[in-house]
Amino acid sequence: MRRHAILAFAAVLAAGASAAPAESMTARSFAEREYLVFGQPTGSYYEAIVKHAGLQAIHADGAVTLRLAEKGRETKDDGASKTTVIRLKDEVYPFEVTRYVKSWNDCGAVETWVEIRHNEKGPVRLMRADSFAAQVPVKADRVGVLTLSGQGNCEAGLCETEVKSGQFAYYASCAGTRDAWESNPAMMVSFGDGVDEESGKVLGVALEWTGTSCKRVRRNFNGRRIDVFAGVDMTSGPYTLDPGVTFTTPKAVLVWSEKGRGEVSRQYHRWARRHLMPHGDVLHSVLLNSWEGSYFSFTEQTLLDMMDGVKEMGGEMFVLDDGWFGRGKFARDEVNKATAGLGDWCVNSAKLPRGLGFLADEAAKRGLKFGIWVEPEMANTSSWLVEAHPDWVLREKGRPLICGRGKTQVVLDFANPAVRDDLFRQLDTVYSGIPSLAFVKWDCNANIHNPGSAYIPADRQPNLWYDYTIGYYELLARLQSKRPQIMTQACASGGGHMDFGSLRYADEFWTSDRTDPYNRVFIQWGASQFYPASAMACHVTDSPNHQTKRKTPLKYRFDVAMTGRLGFELHPKNLKPEEVAFSKAAVADYKRIRPVVQRGDLYRLVSPYEKPLSALMYVSEAKDAAVLFALGLRIKGERAETLKLRGLDPEARYSVKEINRGARLHANLSESATGRELMERGIAVRLAGDYDSAVFEIVRADAPAAR
Ligand code: GLA
């Protein structure tokens, strides 16, 4: 390496060391920080080259370092967004990196990603290829990281830590499919003491990625510098990249807030609705999903009865869940249940003789939209598909298959285009038999347990982890471009696909199979840190709850579900007449407040992690309408909590009304109050006993409400 080139690299990083500290940055300036690559000279006596890197490659000749120099940058402005393209090249090897930084004029989010390609004499092995890898000086004594961690039935638990001098906070998920569970691909890095919902400097880093992922925050020995990384996880093996092929990292989405975590969440919500989710701000329907109401045991009549029930309560869509497909000995019926049929996407005509088209027509006759459940990434070993194509199943040569659900569930090889083509053809045939199909719940009920692909050559098997996810997106995109009107729900045994990668193709995710409202208060609180309410599917289910056996009032189940996209998952015939009447009124209330919930700005007021209740509110963008939810957990006796509202116009006058009411009023409300009074004095809400809750509709009284 020539001396002047080394000095040039050193100068780049030395400039970094004296650059503005994290506390005075923006999302864009974070994204534009130099990308940390293994081997880059630093100019420091102690750390002569970067070793904690976002990009690390073994060249075709075995060399392990990269030394990138900028070869040019340009910025394109299309009126709505600004994209800077930065071209970097290795000084010695024909190895190139192109970085992208894209920001929008109408929201604070910034996307950044990297393309890697080379023209070496043979393949290069990528040991790491992060989307974002930046080093920044910090002034604050305290650096914190908040992310979400969980598993099936307890998704999105808040996971918070302080990163002290010399420490490395490392979060990875290696599931391959249901990765949002273990370590959600999103985090907030906070700077300074006392960072909370309303105050403090916070950097949000989230990946648009559904596969394995890795986030790291490293703090140097004296605490004055941090490295922040986010990208695909490659601990399961390097990615082998052939000459002339481009490896594109997932996009990382950064936001920056000087007003605490609440503002980070609001920025993510706005960006996702405006620039990510396929149907953007379209209001999501109140639907009934058949799963908990019938599981695998249904006939045509069961489904028609459910349609009648949801229609009566004011619902707008009926979704047929698992159990409608498969044929002959592999039919997904009451006998086989979850043990057979995945992979065979044709209607089980023994169960549904008049097919899905008939059901969709029946839904339409009742004024309901119609949707179905599918699980295309998976198969059962007991399926015609696997009988015909055993090599389409992910498995390691020479080892017995480890099967998931029903002891027969396996993952299909989505790295193989032939597999995706077959699934496309099968689903396309099903969809074309249902011209009015409005909604698809796309499920995924296993991780990659057998990480081997018959399609990927032996010397590059670890490529599977990345190629699988790219294959998943490719199939979703192909189906979507043919029928863009269909709304998709990303489900993975509950919230395993609660991520921005899925939300590029799906308008919502199934938040959790745990439908108990008590647990949902926590799960939804976690999900709301990054993901918008319109994307969060929340269903009113039976009491006692099927998973926990907990008994809760119907009002509580509604109030908790109304904080997201409300739906039902029960058989309406099991409801008493008074429960049907309550549900009808609650759905009508929800439809009225729905634009505020689904498109409004979220303010989290009281954390269920800190008190025996959760309080949150949504405010319309024009600040002319708001909804306040107070969701009690387990309260001994009575508890009065003064909830100071947020986000209102201090000068405007608002009327406040309790809605979704039972007999008891939860607050003494005056006729009307100014935004300032509501924010400074608050509303004293009284909750009593276990699972009590209240909802308040707040409407600007001095101007006509137009949401
Ligand atoms: C998963 C989903 C459920 C339901 C079942 C059907 O568990 O999370 O909502 O669709 O599969 O088998």
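A polar contact is a pair of N or O atoms within 3.5 Å; inside a protein, one atom must be able to donate a hydrogen and the other to accept it. The model used in these exercises is predicted.

**Exercise 1.** Find where Asp322 sits and state whether Asp322 is buried or exposed.

*Solution.* Start with the chain. Asp322 belongs to the loop between β18 (317-320) and α7 (355-365). Next, take the relative accessible area of Asp322, which is 1%. The cut-off for buried is under 20%. Asp322 is therefore buried.

**Exercise 2.** Identify the side chain that makes a polar contact with the side chain of Asp322, then list what else Asp322 touches.

*Solution.* The polar partner is Arg332, at 2.8 Å. Now set aside neighbours within four places in sequence. Asp322 is then in contact with Trp291, Tyr295, Phe296, Phe298, Arg332, Trp373 and Arg405.

**Exercise 3.** Describe the surroundings of the ligand.

*Solution.* First, count: 13 residues surround the ligand. Asp321, Asp322, Arg405, Lys441 and Asp513 come nearest. Second, sort the shell: six residues are charged, four nonpolar and three polar. Third, check distances from side-chain N or O atoms to an oxygen atom of the ligand. For Lys441 the distance is 2.7 Å. For Asn445 it is 3.4 Å. A polar side-chain atom of Asp513 lies 2.5 Å from a ligand oxygen. Last, consider cover: on its own the ligand has 310 Å² of accessible area, and the protein covers 96% of that.

**Exercise 4.** Give the domains, and the distance between the C-alpha centres of domain 1 and domain 3.

*Solution.* The assignment gives domain 1 (3-270), domain 2 (287-376 + 419-451 + 470-599) and domain 3 (604-700). The centres of domain 1 and domain 3 are 39 Å apart.

Notes: Residues numbered from 1 in each chain as written. Predicted model: local features only at pLDDT ≥ 70, side-chain atom pairs only at ≥ 80, totals over all residues. Heavy atoms only, no water. Near = heavy atom within 4 Å. Areas by Shrake-Rupley, 256 points an atom, 1.4 Å probe, with all protein chains shown as cover. Nonpolar A, V, L, I, M, F, W, Y, C, P; charged D, E, K, R; others polar. Domains from an automatic or database assignment. Helix = DSSP H or I, 4+ residues; strand = E, 2+ residues; numbered from the N terminus. Buried < 20%, exposed > 50% of the residue type's maximum accessible area, 1.4 Å probe, protein only. Contact = heavy atoms within 4.5 Å.
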